[in-house]
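Trainee: Please take me closely through one part of this model, and then place that part in its wider setting.

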Amino acid sequence: MNYLFYLTAAIAVLSTTMVIFHRNAVHALLYLVTSLLAVAVIFYQYGAPLAAALEVIIYAGAIMVLIIFVIMMLNQGDSTVVQERAWLQPSTWVGPALLSALLLIQLILLVSSAPFSAVRAFHYIGPKQVGIALFSHYVLAVELASMLLLAGLVGAFHLARHRKPETGRSGNAN
Amino acid sequence: MPIETAPGLEAGILLASTLFCLGLAGLMMRRNVIFMLMCVEICTNAAALMFVVAGAHWGNADGQVMFIFVVTLAAAEVAIALALVLQFYHRKHTVDIDQLNDLRG
Amino acid sequence: MQGLLAWVPLLPLIGFLILVGIPLFYRREPPESVITVIGVGSVGIAALFTAVATAAVFWQTPSGVVNIALWQWMQLGELKLGINFHVDWLTLVMLMIVTGVGFLIHLYSAGYMRKDPDFRRYFAYLNLFIFAMLTLVMADNLVLLYLGWEGVGLCSYLLIGFWYKDPVNGTAACKAFIVTRIGDTAMAIGLFLLFYEFSTLNIPELINAAGDPGADREIITIATLLLLGGAVGKSAQLPLQTWLPDAMAGPTPVSALIHAATMVTAGVYLIARMHPLYTLSETAMTAVAIVGALTLLLAGFSAIAQSDIKRVLAYSTISQIGYMFLALGVGAWSGAIFHLMTHAFFKALLFLSAGSVILSLHHEQNIFRMGGLYRKIPFTFLCFTIGCASLAALPLTSGFYSKDQILLRAWEFHQGFNSLWLAGVLGALITGIYTFRVLFLVFAGSEGAASRHCKDANTPAMTIPLAILAILALLGGLLTPPLQAVFGTTAERHPAAWVEGVAIAMPLIGLGVAWQLYRREKKTGEQRSRVTQFWFSGWGFDWLYDHLLVRPFNMLARLNHNDMIDALYKGTAAFSRQLNTLLSASQNGQVRWYLATFAAGSILFLALLVAL
Amino acid sequence: MTLMAIIILLFAGGILAWLSERYLQRGGHWIGLVSLLLASLLLASYWPYLGAAQVIGSGPWWDSVQINWIPRFGISFHLAIDGLGFLMLALTMAMGIFGLVMTWNDIHFRRGFFYFNYLWTLAGVVGVFTAMDLFLFFFFWEVMLVPMLFLIAVWGYEQRLFAAIKFFIFTQASSLLMLIAIVALAYLHYGNSGQLTFNYNDLLDAQLAPSTAYWLMLGFFVAFIVKLPALPFHPWLPDAHTQAPTAGSILLAAILLKTGAYGLLRFNLPLFPESSAAFAPVAMSIGAVSVIYGAMLAFAQSDMKRLVAYSSVSHMGFVLLGLYALNTIAMQGAVMQMIAHGLSTAALFALVGALQHRLHTRDMTQLGGVWAILPKLSAIALFFAVASLGLPGLGNFVAEFTVLVGSFRSSHWIAVLAATGLIGAALYALIMMQRGFFGALNKRLQKLSPQAPIADLNLRESCALLSLAALLVLLGLRPQPVFDIASPTVARSLAHIETARAQYAKDQGIGTRFTSQEQTWAKPHPKESESP
């Protein structure tokens, strides 16, 4: 089964690389969805079906749709390719790429030098176990998360409201 | 119930690290806010992957619980962030993050 | 009777306080007559009290001493000082000179300063001056003496700069105060040393303690030399004599007061008062004598070259005080005080008559623009002539007796011919020359440029003091003060007749030289050779001090105007500001830059982990 | 309780003055004056102690009050007064009233807040002079600072913010050192005795290792000489003095500087006697150099207020010199100098303030010949300039003379060096008179005067200044009462030093540095006792 893991991992890495280098926002977003789906497959391989399902539904589904909306609202499709090309010169990306590569090398070094248990046994954790843990031990955290979502909702609503300049001022004054 | 055929822990961590570094690199090199948001998503997703891999290694449901929280967080974050992007675009008529430097010393 | 003596210094003080305090009670300036009554009257009554006290107490008992304890000043451990007065014959002579001559000068001032807008201020200063001088001579401890000493300096400062609108006067006043203050500081250090050694500053106790055989002679020498420093400053002797010629900037009666009755005689008084300490130290005595001898010669030569009538008199004062120092240095204590007294008479007379001349000529002071005044102001001429005769020590004038005594004593002191005596004799010759030169130039011959506008400005308030002083200058030699109780008696020995003869002959030779000089100068007018120019400038002391002290000090002050230590702190501030600029440059508001630094930080941190 | 009442009265008066700003246009100074007068009356209730300080009352304190504050750390609200404290409080009250009266109409905006700060500064100073708990002392030390900062920063002249910040940084940095030293002292004492306390009387007995004591002493010393100020910590003073409003300058010069000297005498010497004695030559040298350096800088100034400020450096150098001469005469002289300098310098600042108020400049290049238009002001300025140069018969002379006589016993050369400062004093005082008041009337003033005749000192100002002058004369001719009042405190500080010296001599055996020094001090013949 391992080859399947390496294949999906390779797809994830490749599509992610495409995301960060692509000049068209919509295409980049599609690559991102691909990457997320690949990660969902990896979740499944690690015995986490619930996580895989959520990854597909929420990440690749809901969140990406949200971003698509915004791209459309800001008209960031084909028209901005030229602008992106101007912004993404090699001189701009070499430095960050080097930094990240360095970081990655360090991480690899650290991971490879750490002694790992020989146990390669992975455990299957089904939605039931997750549900039990979530609503028993973590129930308070769930409530907090719901508060967070509510706050995000209200915040997003408030921030995204497009005030007209003439009414905004007078409205505040009254 | 152990799964014998699963890839190793190291492989999972390495993949997560790679994804995270890619996301970080993207954050640093892109000037378009939308791309930066996507890169933030990559980073959070890498972190979530780490949780799940670790949970699977220890046979513990906590990893996936944390994954759910990360997803929640990402959802809230992306909502707020996109709202901010909209607001930013309305005010400055650009999506260039470098124009947003009012806090310079 | 003690009470009477205590009032002597207090009366001028009261006069001063009333004169100063008038604006507190009256809105308008009081008339001059009221001011005159207060200002002159206070000193007059003080003089009267002195005379009464002298007649009542001291005439019968020449060795009598009156101690007046007013109140305790301070008592700190061993430092016990009182506001106490100590009056013996030495003090009494000084009291009589200060109050008597001072009174005459006050009276003269009432005429001289009439219609001056600052009449009240003038008399206030004058009274304070007398008060300070009286405190100086009556003090029973050195600190109280120092009080009077500094007070005299202050008053001289105020009076020299009395006409404050001319900055030249102010500069002269500052110079007088600061130069004397240099001497005063030396004296103060002398006091510290004396207190350190003897644990007292009370003069009689100090003299007792110093007389103890166990007393450290070396310390006494140093202390007496430091006191000499003070005396040199106040009495305008070498090397601190430069302030006195400039002090002529004040009104002329003030010059009379400074030169005759107060201030410059203080140094002589101090050494005479502390003479038991000086006798203990050969070095100090020699130093006093050498200072005196050098000063009398240098100042004499300078006097020959002057053209300002007051500066001639100023240099002659320096020279005559030099005589007194010479006398002190050879142990002729009573001779010094005697000369001090006669000098007070004839120098006051000379200054006051010079004042009359100056006033009559509408403030002309250059002797080359005078001449032939004997016809226009005969009374002043008479007074000035008497003063000159006495100054030059022509026989039978008061100056003759006192100067003769000094010269004889100088001869005796070193058993015969010696350089100090020679200096004194040479000084007598020079005195004759400069005295009669000025007399001839001012009064004799044809009229000078300024003489034509001459109008006799004498008022009764001026003539009466002049007349009294003229009599005193002529006959003052008969009033030998009974100072044996203070200084002890010295065996009278008569040196060879030719020694006396030389002393008598010198002024007469000087008179002849002066006539020749007068005839030549009358022809050439005001011209100086290189030598006389050097004399004229007071042997270049001013130039020397200017370049040696004043300019470097001013330069230093200007350089350090902004406080170099502050620069240290300013530097620190500038450094931290630089650091601030540097750090705030990193805070550039660019998210991507922050991210990069974040990544770099993580790399560094992880590098630590990897390395470990 | 009287002490407490004084402090509360001043604090309350300040708050009242601030509140009154809203309702009364010019109520502030009346409230200030009344509260100061009441406080002075309260202080005057210590009158009976003046004559017979040692007889009445047991122990060194005339009166004390102690209330637990933070008992857990041994901190108590402990106030006490003795002779020195009384003198300082009297000076504080007198100068507070003087400053208030002299600047009666000077403040034009935020009057209430001004008098709030004014009274709070005074309250802090009163606290500093009476606090006998080191923590409380530090508390009041800070309390007096902040209102002063406002006085300078809000009502000052052109560069007020710069000056205020400089003042604040200097004093804060130094008081940080003191705080560290205080806490370290209490902690070390706790380690040795098991009793955690900040009480002055208890800490006097603290046993410290010599090197530790030396460091702690330095901490206090620096804090105090920054306030004093002595070289090289003086640069805040000219700026703060020059830029502060007249009332602020008066407070600074007359009172705040004295807290440094007071601290040295009250805390530094008794708490660390051995290290103070060892440090004395250095401190004396600092004092002597301050005397001369201050005088030279004063001479170099053209701003009259700056000149007076630098003259303060010079005068306070005498205080430092006297305190560290470590003998009765010099220390008493230092106390006297604290008072005399307070009077004379406050008056000079008031005069410069009055001059600036009338002529709108204090630059001596723009002045000159002022005597002709303001004779009364100039005459009084002459008096105080002369007092400042140490004319005998006035308080400053008594102080400087006794300081020098005393320090000459401790060290000849340092005293001689400081004595040359007398010449420097003459230089700067006379140059001030010469350039400011004498000479021909400045052209600028000639233009100024015909349009509106400039009012000379009015009755209020004259009375205030003349009473200071009278006090100075009194101090100069009859200083003994002051010496008597201060003597128990000085004697106690000195006793600590002497005990420490004797102890040290006993520990070290004969022939050490301290023994010979002590013999030098005890006997007037150094040569005999020093010879082996």
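Mentor: Helix α2 of chain D, residues 28–44, has 17 residues, which at 1.5 Å a residue should span 24 Å, and its end C-alpha atoms are indeed 24 Å apart. The expected span is 1.5 Å times one less than the number of residues. Helices (H or I, at least four residues) and strands (E, at least two) are DSSP runs, numbered from the N terminus. This is a predicted model, in which local features need pLDDT of at least 70 and side-chain atom pairs count only at pLDDT 80 or more, while totals for chains, interfaces and linings use all residues. Residues are numbered from 1 along each chain as its sequence is written, and chains are lettered from A and ligands numbered from 1 in the order in which they are written.

The buried residues of α2(D) are D:G28, D:H29, D:I31, D:G32, D:S35, D:L36, D:A39 and D:L43. A residue is buried if 20 or more other C-beta atoms, placed from the backbone, lie within 10 Å of its own, exposed if 12 or fewer, and partly exposed in between. Viewed down the axis of α2(D), these buried residues fall within an arc of 160°, so they line one face of the helix; the arc is that of the directions from the helix axis to the C-beta atoms. The face turned away from the buried side carries the exposed residues D:L41 and D:A44.

The cover over the buried residues of α2(D) includes α1 (2–23), α4 (83–102) and α5 (111–130) of chain D. Of these, α4(D) is itself mostly covered, with 17 of its 20 residues buried. Its 20 residues should span 28 Å at 1.5 Å a residue, and its end C-alpha atoms are 28 Å apart, which agrees.

As to confidence, chain D has a mean pLDDT (the predictor's confidence in each residue, from 0 to 100) of 84, and 92% of its residues reach 70 or more. Residues 511–532 of chain D stay under 50, and the model has 21 contacts for them beyond four places in sequence. Two residues are in contact if their C-beta atoms, placed from the backbone, lie within 7 Å. For the complex, the predictor gives an ipTM of 0.77 and a pTM of 0.83.

Beyond its own fold, chain D meets chain C, with 43 residues of chain D in contact with 41 residues of chain C. On the side of chain D that touches chain C, at least two residues each come from α13 (273–300), α15, α17 (375–388), α18 (395–410), α19 (412–419), α20 (421–436) and α23 (480–508) of chain D. The most come from α18(D), which gives seven residues. By class, this side of chain D has 31 nonpolar, nine polar and three charged residues. Here Ala, Val, Leu, Ile, Met, Phe, Trp, Tyr, Cys and Pro count as nonpolar, Asp, Glu, Lys and Arg as charged, and the others, Gly among them, as polar. Chain D does not touch chain A, the nearest C-alpha atoms being 29 Å apart, nor chain B, where the nearest C-alpha atoms are 22 Å apart.

The largest nonpolar core has 438 residues, of which C:A348 and C:L349 touch the most other members. Such a core is a set of buried Ala, Val, Leu, Ile, Met, Phe, Trp, Tyr and Cys residues joined through C-beta atoms within 7 Å. Helix α15 (residues 328–359) of chain D gives the most to the largest core, with 20 residues. Beyond its neighbours within four places in sequence, C:L349 has contacts that include C:C383, C:I386, C:L466 and C:A473. Apart from this core lies another, of 85 residues, among them A:V19, A:I20, A:V39 and A:A51.

Also in chain C, C:F381 belongs to helix α16 (residues 378–391) and counts as buried because 20 other C-beta atoms lie within 10 Å. Neighbours within four places in sequence aside, C:F381 is in contact with C:L373, C:Y374 and C:F443.

Elsewhere in the complex, chains A and B share the most contacts of the four pairs of chains in contact. That contact takes 73 residues from chain A and 68 residues from chain B. On the chain B side, α3(B) gives the most, with 23 residues. Chain A itself contains eight helices and one strand, and 30% of its 174 residues count as buried.
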